[in-house]
Amino acid sequence: MASNSVDLVFEGFDTTDELGDVRAEIPEDLPDVQNDELIKSVLTKGVDLRQYSRQIEQELNDLEDEQLASYEEHEGALLELDSEIRGCDEVLENMERLLVNFKSSLGAINNDIQSLQNDSLSMSVKLKNRVVAEKQLDKIIQGVVVPPDAVRLICNGEVNERYLECLVEVNKRIAYMRVHSKQHKRLRAFQEIQPELDRLCFRASSKLREFLLDKINVLRSLNSNAHVLQSSIFLKYRFFNHFLIERHPEAAVEVRDNYIHIMRQYYLDHFETYQRGLMKLERVVADKTDVIGMEESNKLSLFGAAKPVARDKANVFNLGARASSALIESEDSSPRAIVLSIASDANEKYTFEALFRSYSLALVDNATTEYEFIMQFFVSPKARQRITGSDMARMVFSHIFDPSMRVGEQFLKAYLETTYDALGVLLCVRIMSQLASELQRRQVPVLDSYVNSMNMLLWPRFQAILDGHIESAKRLASYKAKSKIDTQPPAIVRRYAELASSLLRLNQGYNTHVVALSLARLRTEVQAYLAHVADGSSDKHASLVFLINSYDLLLTVLYENGFSEREEE
């Protein structure tokens with residue numbers, strides 16, 4: 001129906017050409033136009049399109065007139081609005097210019113801020129570099145510059161504690177210059193100060209040399225107390241000698257040699273005096289006749305008169321309290337050496353081992369003090385950490401104490417040439433063993449040669465004395481035995497028992513093979529003597545009683561000294 005109505009509308013019109021023109025003018029998107037609701041409505045109603053077009057055109061003209069009338073009516077308002085818009089545009093243009101200028105200013109400010117940041121960063125780097133350079137320069141200045149007051153004091157001042165403080169500071173400057181001389185050799189300050197420090201060092205060395213030599217010469221007097229001077233003066237100013245060792249070795253050698261020469265004589269004089277005083281206090285214990293095989297007869301005195309011989313010489317064969325008064329580690333022994341003036345006033349006499357102990361203690365105590373002083377005064381802190389420091393201390397000590405040690409050796413030799421006291425000699429051996437342990441505890445390794453030389457003197461003499469006892473027992477056994485025997489134990493049994501128990505006591509804790517072997521030989525000869533006496537008697541019962549009594553006495557003495565039958569002897 002729609003198609004028929006359309007056909008009716010256009011009936012009577014020649015549409016061939018017009019339709020061609022219309023088709024040409026019809027846009028390609030006509031299908032879309034046809035879908036428009038208004039067009040659909042017009043076409044559906046069968047409206048004349050030309051009439052409808054004229055209507056529409058009329059409506060548009062009316063609307064235009066209406067709009068023109070409305071425009072004329074509102075012309076003033078529109079003009080005013082236009083003026084306001086133009087004013088707004090001008091304002092906006094001004095604001096735009098302001099914003100553009102502000103943007104430009106912000107850009108300039110940003111550039112200025114970046115420039116300031118760069119300048120700040122550069123200044124910060126320069127400041128850090130300046131601080132680092134200032135610290136380095138300050139360190140260098142502190143390391144090389146010597147205060148004028150210190151220079152004047154070192155050149156012209158008195159050597160005292162203040163002088164010591166200034167010298168320590170100067171030594172730090174010298175050490176700094178030597179350590180950093182290669183690193184800062186181009187610095188003008190180093191080039192100018194080095195010669196001045198060398199002259200200052202030479203001046204200080206000259207004054208220190210004179211000061212130390214003057215103080216060392218004070219030790220020449222026998223009345224001076226070297227140990228007091230060492231602790232109060234030399235150790236107090238030991239840095240002076242360390243300075244000479246490092247900065248002026250020739251002067252240090254002169255000071256050292258002068259000290260060695262004076263202290264060598266100082267100790268020699270004192271120990272010779274002490275040794276002579278000790279010899280006056282000696283109490284002789286035994287002579288060559290005091291052997292276990294001494295015959296049961298009388299000795300002839302100088303004028304031929306009969307002189308009875310004691311059957312029991314306790315001081316010769318019985319140790320008694322001799323060990324407690326002589327050995328160093330004994331609880332009853334005195335830790336101090338014998339004071340000559342006190343002993344002389346009291347008119348006291350001592351066995352040789354007590355005198356030997358006293359001399360050795362004095363030697364060890366003085367050697368310990370002297371060695372420690374040498375290590376602190378003559379060995380610099382740097383050398384002390386090396387082996388060369390210990391070697392230097394040993395060399396200085398050896399030069400000083402060798403004569404005093406020889407005095408001790410002569411003291412012992414004089415005794416050993418005349419003594420027949422086996423217990424005294426063995427006590428001296430034990431004293432040397434304990435002294436060696438004490439030296440090791442004190443960490444004083446400078447008297448080893450003294451201990452060894454003493455032992456080399458003591459052991460042969462000890463062996464010779466015991467050989468004399470053995471030979472005396474052999475000699476008794478070689479005599480013809482009596483047919484009538486005395487059942488009481490002979491004196492040789494008690495002497496042997498006391499000597500054996502004493503030697504065993506001194507061998508406890510040492511287990512010396514020489515002592516054990518000598519006792520075994522002596523025991524064999526005593527047993528042979530007893531068997532010889534018993535076999536020579538015609539009364540076998542009396543011989544048996546003789547042996548029983550002899551061995552009973554022997555065991556009794558051993559029991560009294562704390563030994564059982566299971567012991568070696």
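These legends walk through an overview and several close-ups of the structure above.

The model here is predicted, so local features need pLDDT of at least 70 and side-chain atom pairs count only at pLDDT 80 or more, while totals for chains, interfaces and linings use all residues. Residues are numbered from 1 along each chain as its sequence is written, and side-chain values use heavy atoms, with hydrogens and water left out.

**Figure 1. The whole protein, with its 23 helices and two strands.** Helices (H or I, at least four residues) and strands (E, at least two) are DSSP runs, numbered from the N terminus. The protein has 569 residues, and 36% of them count as buried. Buried means under 20% relative accessible area, exposed means over 50%, and partly exposed is in between (1.4 Å probe, protein chains only). The accessible surface comes to about 34,500 Å², and carbon and sulfur atoms hold 54% of that; such areas come from the Shrake-Rupley method with a 1.4 Å probe, and for residues only the protein chains shown count as cover. Now take the contacts (heavy atoms within 4.5 Å): among those between residues at least 6 apart in sequence, 80% join residues at least 24 apart.

**Figure 2. Arg173 and Glu169, a salt bridge within helix H8.** A salt bridge is a side-chain nitrogen of Lys or Arg within 4 Å of a carboxyl oxygen of Asp or Glu, and a search of the whole structure finds 18 of them. In this one, the closest N and O atoms are 3.0 Å apart. Arg173 and Glu169 are four residues apart in helix H8 (residues 161–180), so about one helical turn separates them. Arg173 is buried, at 10% relative accessible area, whereas Glu169 is partly exposed, at 33%.

**Figure 3. Arg322 and Glu353, a salt bridge between two helices.** Here the closest N and O atoms sit 2.7 Å apart. Arg322 belongs to helix H14 (residues 322–326) and Glu353 to helix H16 (residues 352–377), so this pair ties together parts that are 31 residues apart in sequence. Arg322 and Glu353 are both buried.

**Figure 4. Glu438 and Arg441, partners in helix H19.** The closest N and O atoms of this salt bridge are 2.5 Å apart. Glu438 and Arg441 are three residues apart in helix H19 (residues 422–442), so they are separated by about one helical turn. Arg441 is exposed, with a relative accessible area of 59%.

**Figure 5. A salt-bridge network around the pair from Figure 4.** Which residues take part in this network of salt bridges? They are Asp365, Glu438, Arg441 and Arg442.
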